[in-house]
Amino acid sequence: MFVITGPSGVGKGTLIRALCDRIPALQISVSATTRQPRPGERDGVSYHFLSQAEFDRRIADGDFVEWAEYSGNRYGTLRSELDRRLRERVPVVLEIEVQGARQVREKMPEAVQVFIAPPSADALRTRLIGRGTDPPEQVQRRLQTATAELEAQPEFTHVIVNDRLDDAIEALVAVVEDELSPA
Ligand code: ADP
Ligand code: 5GP
């Protein structure tokens, strides 16, 4: 299992898409969230979009491996996304924020954790604004959260700076291939 974390806008989604093109055996865990879908996002593909009540019920039922409150919404990894794949030894990729990565580290220390860092705070801001998916209030909130998230870097075995995209893709592919290759 591969956990890819780092601040919003750093390029996790972009890197994971490229990673899965390069290593098609990887499967992505579709998270659950209470956030509203963005234009073009599809239920069950981008996320499992849940109401607050449904998310609460799934917490009470113990359906989450991890979940966290982030920028006014809740996000979590459903056990159902992982169980069959882990049983069948299908490598799975989680794209989650730092609090969730910590929970996974506690419960599944064998998971490989990769922190994606921006080359600078300014670059992160430019990317988050440039992506054009979040209203200014959300961009502000996410950048505030990013400050604390960046301080978590030393907790991670693998840190990849996403400066030149191609270099970051190669670095991520190398980490994953190394883990997947038989010892
Ligand atoms: P995240 O999934 O971490 O929130 P995204 O993958 O959505 O981040 O990337 C945020 C924005 O930054 C997107 O518009 C993406 O095209 C851009 N981006 C990603 N990597 C780079 C890079 N190395 N250099 C410049 N822009 C990048
Ligand atoms: P976004 O709203 O931009 O899709 O996601 C916001 C943040 O939530 C990102 O940092 C993303 O990695 C994180 N996230 C997405 N899914 C999960 C999840 O299942 N668990 C946790 N803890 N974070 C998630």
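Start by selecting Ser-71, which is buried, with a relative accessible area of 11%. The model is a predicted one. Ser-71 sits in the loop between S5 and S6. Check its backbone torsion: phi is positive, about 50°, although Ser-71 is not a glycine. Most residues other than glycine have a negative phi.

Go next to Arg-89, in the loop between helix H3 (79-87) and strand S7 (92-95). Arg-89 also has a positive phi, near 60°, and is not a glycine. Is Arg-89 buried or exposed? At a relative accessibility of 75%, Arg-89 counts as exposed, because the cut-off for that class is over 50%.

Now show ligand 2 with its surroundings. There are 16 residues around ligand 2, and those that come nearest are Ser-31, Arg-35, Tyr-47, Tyr-75 and Glu-97. Three glutamates are worth displaying as sticks. The side chain of Glu-66 places an N or O atom 2.7 Å from a nitrogen atom of the ligand. For Glu-97, a polar side-chain atom is 2.7 Å from a nitrogen atom of ligand 2. With Glu-95, the partner on ligand 2 is an oxygen atom, 2.8 Å from an N or O atom of the side chain. How much of ligand 2 does the protein bury? Of the 510 Å² that ligand 2 exposes when taken alone, 96% is buried by the protein.

Keep Tyr-47 and Tyr-75 selected and add Phe-49 and Tyr-70: ring pairs link these four residues into a cluster. Tyr-47 and Tyr-75 are also among the residues nearest ligand 2.

Across the model the count of aromatic pairs is six. For one more ring pair, select Phe-115 and Phe-156. Their ring centres are 5.4 Å apart and their planes meet at 45°, so the pair is tilted. The two residues are 41 apart in the chain and the pair links distant parts of it: Phe-115 belongs to strand S8, while Phe-156 is in the loop between H6 and strand S9 (158-161). Phe-115 is buried, at 0% relative accessible area. Phe-156 counts as buried too, at 6%.

From that loop, step back to helix H6, residues 136-151. H6 has 16 residues and reaches 24 Å from the first C-alpha to the last, close to the 22 Å expected at 1.5 Å a residue. Which residues of H6 are buried? Colour Gln-138, Val-139, Arg-142, Leu-143, Ala-146 and Glu-149. Then show what covers them: the cover includes strands S5 (64-70), S6 (73-78) and S8 (112-117), along with helices H4 (98-107) and H5 (121-131). Strand S8 is also where Phe-115 is found.

The last stop is ligand 1. It is surrounded by 13 residues, the closest being Gly-9, Lys-12, Thr-14, Arg-131 and Asn-162. Turn on backbone atoms for Gly-11, Lys-12 and Gly-13. A backbone N or O atom of Gly-11 is 3.0 Å from an oxygen atom of ligand 1. For Lys-12, a backbone N or O atom lies 2.8 Å from a ligand oxygen atom. A polar backbone atom of Gly-13 is likewise 2.8 Å from an oxygen atom of ligand 1. On its own, ligand 1 has 570 Å² of accessible area, and the protein covers 73% of that.

Key. Residues numbered from 1 in each chain as written. Chains lettered and ligands numbered in written order. Predicted model: local features only at pLDDT ≥ 70, side-chain atom pairs only at ≥ 80, totals over all residues. Heavy atoms only, no water. Helix = DSSP H or I, 4+ residues; strand = E, 2+ residues; numbered from the N terminus. Expected span 1.5 Å × (residues − 1). Buried < 20%, exposed > 50% of the residue type's maximum accessible area, 1.4 Å probe, protein only. Contact = heavy atoms within 4.5 Å. Near = heavy atom within 4 Å. Polar contact = N/O pair within 3.5 Å; in protein donor to acceptor, adjacent residues only side chain to side chain. Areas by Shrake-Rupley, 256 points an atom, 1.4 Å probe, with all protein chains shown as cover. Phe/Tyr/Trp six-rings, centres within 6.5 Å; stacked < 30°, edge-to-face > 60°.
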